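Here's a quick briefing to read with the model open in your viewer. It goes from the overall layout down to single residues.

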Amino acid sequence: VTHTLDELSESHDGKPVVVGGLVSDFRQIRDRKGNPMMFVTLEDGAGSLELIVFASAYADCAPEIAKDAIVLAEGQVMLGSGSRSDDELKLRCARVFRADDKDLDAKLKPSRRKGGNGSGKVNGTFAPPLVVNIRIPQAKATPATLDELHGILKAHPGNSGVLLHID
């Protein structure tokens, strides 16, 4: 994850990001050409963001999206929807992954290895950072422990995403 939802601003317009959160709502529609597309509301506890899954990415993204699913979404930030004069930030989704996918690391790593120039882009698309998985037993996942972990991660942001698993 490159940003929390509340960290996104107008300065990110047109830039690639990877965000994570809970799918709180989604709706499927058809575009003017009759192709399926989707609008998804993603929340991460700090903010919310509308994801737009256009027809070009629909087949890959739609199976990963379900109400209350925790997902990582890769795409390009856009100010407004393009066709309307709306000033809300949205994410034009390129890929979506379930956070609980046991093969998540394997799915992320190949896109990173295909080549690249250090820009974070691979073959014209953003390659998400590798993910660090942190597992905490439920009995030890107290508010104090989670606050401490949050402070450590905030102080040392690095280039890798973090998935927290509470078992």
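Of the 167 residues of the chain, what percentage count as buried? It comes to 36%. Keep in mind that this is a predicted model. The chain has three helices and nine strands, and a search of the whole structure turns up three salt bridges but zero disulfides.

**Overall layout**

- Reading from the N terminus, the elements go β-β-β-α-β-β-α-β-β-β-α-β.
- Among contacts with a separation of 6 or more, 53% are between residues 24 or more positions apart.
- About 10000 Å² of the chain is exposed, and carbon and sulfur atoms supply 50% of that area.

**Nonpolar cores**

- In soluble globular proteins, nonpolar side chains tend to be buried together.
- Here, the largest nonpolar core has 24 residues, and the members touching the most other members are Val19, Leu49, Leu51, Val53, Ile65 and Leu91.
- At least two residues of this core come from each of E1, E2, E3, helix H1 (55-61), strand E4 (70-79) and strand E5 (89-98).
- E5 gives the most to this core, with four residues.
- Val19 is a good place to start looking around: leaving out residues up to four places away in sequence, Val19 touches Val1, His3, Leu5, Leu8, Leu42, Leu49, Val71, Leu72, Ala73 and Leu91.
- There's also a second, separate core of five residues, with Leu72, Phe97, Ala99 and Leu104 among them.

**Salt bridges**

- Lys154 and Glu7 pair up through their side chains, with an N to O distance of 3.3 Å.
- Lys154 sits in helix H3 (residues 143-155) and Glu7 in the segment before E1, so this salt bridge ties together parts that are 147 residues apart in sequence.
- Glu7 is partly exposed, at 35% relative accessible area.
- Glu50 and Lys90 form another salt bridge, their closest N and O atoms being 3.1 Å apart.
- That pair links distant parts of the chain, since Glu50 belongs to strand E3 and Lys90 to strand E5, 40 residues apart.
- The two partners fall into separate burial classes: Glu50 is partly exposed at 23% relative accessibility, whereas Lys90 is buried at 4%.
- Arg95 and Glu74 also form a salt bridge, with 2.7 Å between the closest N and O atoms.
- Arg95 lies in strand E5 and Glu74 in strand E4, so the pair ties together parts that are 21 residues apart in sequence.
- Arg95 is partly exposed, with a relative accessible area of 23%, while Glu74 is buried, at 3%.

**Cysteines**

- Why is there no bond between Cys61 and Cys93? The sulfur of Cys61 has its closest cysteine sulfur in Cys93, 4.9 Å away, and that is too far for a bond.
- The cut-off for a disulfide is 2.5 Å between the sulfur atoms, so the 4.9 Å separating Cys93 from Cys61 doesn't qualify.
- Both residues are buried: Cys61 has a relative accessible area of 0%, and Cys93 comes in at 4%.

**His3 and the segment before E1**

- His3 lies in the segment before strand E1 (16-30).
- The His3 side chain makes a polar contact of 2.8 Å with the side chain of Thr2.
- A polar contact of 3.3 Å also joins the side chains of His3 and His12.
- Which residues does His3 contact, leaving aside neighbours within four places in sequence? They are Leu8, His12, Val17, Val18 and Val19.

**Gly45 in its loop**

- Where is Gly45 found? Look in the loop between strand E2 (36-43) and strand E3 (48-53).
- Is Gly45 buried or exposed? Gly45 counts as exposed, because its relative accessibility is 84%, and the cut-off for that class is over 50%.
- Leu22 and Gly45 are 23 residues apart in sequence, with 8.7 Å between their C-alpha atoms.

Notes:
Residues are numbered from 1 along each chain as its sequence is written. This is a predicted model: local features need pLDDT of at least 70, side-chain atom pairs count only at pLDDT 80 or more; totals for chains, interfaces and linings use all residues. Side-chain values use heavy atoms; hydrogens and water are left out. Buried means under 20% relative accessible area, exposed over 50%, partly exposed in between (1.4 Å probe, protein chains only). A polar contact is a pair of N or O atoms within 3.5 Å; within protein, one must be able to donate a hydrogen and the other to accept it, and residues adjacent in sequence count only if both atoms are side-chain atoms. Contact means heavy atoms within 4.5 Å. Accessible areas come from the Shrake-Rupley method with a 1.4 Å probe; for residues, only the protein chains shown count as cover. A nonpolar core is a set of buried Ala, Val, Leu, Ile, Met, Phe, Trp, Tyr and Cys residues joined through side-chain atoms within 4.5 Å. A salt bridge is a side-chain nitrogen of Lys or Arg within 4 Å of a carboxyl oxygen of Asp or Glu.
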